[in-house]
Number of protein chains: 2
Amino acid sequence: MTYEEFKQKVGSVILTDQGNCPVTPVVQMLQGKWKLQILYELCIKSPMRFGELKKMLKPITNTALTNALKELESDDLVQRIQYNEMPLRVEYSLTQKGRDLLPVFYAIMQWGVKYIP
Amino acid sequence: MTYEEFKQKVGSVILTDQGNCPVTPVVQMLQGKWKLQILYELCIKSPMRFGELKKMLKPITNTALTNALKELESDDLVQRIQYNEMPLRVEYSLTQKGRDLLPVFYAIMQWGVKYIP
DNA sequence: ATACCTGGTACAGAAAAAGATACTATTGGA
DNA sequence: TCCAATAGTATCTTTTTCTGTACCAGGTAT
């Protein structure tokens, strides 16, 4: 994709607010030390339980995992379902909105293939 | 793109390190309050001078702009060229590596079109 | 001489993010 | 009655990031 193609596409698709980068809010939604790794685990396997995620993301703390999951949930990227069994079971999975990030991740990975050794 | 397609593509292309999200380092490179907005301005217009960027990104401070540009430069996403005229002129532009992020930004914007009202 | 232009630096303080440690609620079972 | 398991909370400290303010350097115009 060239500059010019990009400008054309950007211009016609979403550049309604002059000067405000439309990519920023999306990347802000993915910011934080753990969110992307959580989404990645949920891309690979879904649903996953709290403790399962914690094991995969070791050495994450309860606090960090809880906070990240809450934010992802409030952005509607991740769904939380609680089963009131004993012991308690809570499962996390991607929402449709979350799954729709896959092409973004894939574009990033293609860039990574070229530039990360 | 579905889960399964993603897993297949990820698995074959880049998932050599088990459990480590390959998207994370790229997003980390874009983190920080100003970097994306700088890249975005340089997508729209390139090259741009220091003062010109400062005007576009107002109310950014000198410190913040300098730091962000230095990091982008050290990641080889942005190129700095200094012309020793008077008054001094310094121009910033995207490198090829930086321009190759355009498909990523475009994928993000397509997602944004669907989910950001 | 002095003030002004561009493109920065230096440094202190405020604010935000992350980490460490301890604790809670539910309830099934020994 | 007390312990274990899961899925968290609560609170404090440390670390990182961001901001505000002042200043510098080379050269030019007055």
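## Around DNA strand C

Let's start with DNA strand C in this predicted model. There are 18 residues around the strand, and A:Lys33, B:Asn62, B:Lys70, B:Arg80 and B:Tyr92 come nearest; a residue counts as near if one of its heavy atoms lies within 4 Å of the molecule or strand. Of the strand C atoms that come within 4 Å of the protein, 73% are sugar and phosphate.

The bases get some attention too. The side chain of B:Asn62 puts an N or O atom 2.7 Å from a base nitrogen of DNA strand C, and a polar side-chain atom of B:Thr63 sits 3.0 Å from a base nitrogen of the strand. Over on the backbone, B:Arg49 has a polar side-chain atom 3.0 Å from a sugar or linking oxygen. The elements of chain B that give two or more residues to this surface are α4 (50–56), α5 (62–74) and β3 (89–94), where helices (H or I, at least four residues) and strands (E, at least two) are DSSP runs numbered from the N terminus. The largest share, 4 residues, comes from α5(B).

By class, the surface near strand C has 7 nonpolar, 6 polar and 5 charged residues. For that tally, Ala, Val, Leu, Ile, Met, Phe, Trp, Tyr, Cys and Pro are nonpolar, Asp, Glu, Lys and Arg are charged, and the others, Gly among them, are polar.

## Around DNA strand D

DNA strand D is surrounded by 18 residues, with A:Asn62, A:Lys70, A:Arg80, B:Lys33 and B:Met86 the closest. Sugar or phosphate makes up 77% of the strand D atoms within 4 Å of the protein, and bases make up the rest.

Phosphate oxygens of this strand have several polar partners. One is 2.3 Å from a side-chain N or O atom of B:Lys33, one is 2.8 Å from a side-chain N or O atom of A:Tyr92, and one is 3.1 Å from a polar backbone atom of A:Gly51. In chain A, α4 (50–56), α5 (62–74) and β3 (89–94) each supply at least two residues of the surface, and α5(A) gives the largest share, 4 residues.

## How the two chains pair up

Chain A can be laid on chain B with an RMSD of 0.1 Å by a turn of 180° and a shift of 0.0 Å along the axis. The two copies are thus related as by a two-fold rotation axis; the superposition is by least squares on C-alpha atoms of residues with pLDDT of at least 70 in both. In chain A, A:Val104 comes closest to that axis, with its C-alpha at 3.1 Å.

The copies meet through the same surface, because 100% of the interface residues of chain A are also interface residues in chain B. For a cross-chain example, take B:Thr24 in helix α2 (residues 24–29) of chain B. Leaving aside neighbours within four places in sequence, B:Thr24 is in contact (heavy atoms within 4.5 Å) with A:Leu36 and A:Gln37. B:Thr24 is buried, at a relative accessible area of 10%; buried means under 20%, exposed over 50% and partly exposed in between, using a 1.4 Å probe and protein chains only.

## The nonpolar core

The largest nonpolar core has 70 residues, and A:Ile38, A:Leu39, A:Phe105, B:Ile38, B:Leu39 and B:Phe105 touch the most other members. Such a core is a set of buried Ala, Val, Leu, Ile, Met, Phe, Trp, Tyr and Cys residues joined through side-chain atoms within 4.5 Å. Beyond its neighbours within four places in sequence, B:Leu39 is in contact with B:Leu30, B:Leu72, B:Leu77, B:Val78, B:Leu94, B:Leu101 and B:Phe105.

## Reading notes

Residues are numbered from 1 along each chain as its sequence is written, while chains are lettered from A and ligands numbered from 1 in the order in which they are written. Local features need pLDDT of at least 70, side-chain atom pairs count only at pLDDT 80 or more, and totals for chains, interfaces and linings use all residues, with side-chain values using heavy atoms and leaving out hydrogens and water.

Key. A polar contact is a pair of N or O atoms within 3.5 Å; within protein, one must be able to donate a hydrogen and the other to accept it, and residues adjacent in sequence count only if both atoms are side-chain atoms.
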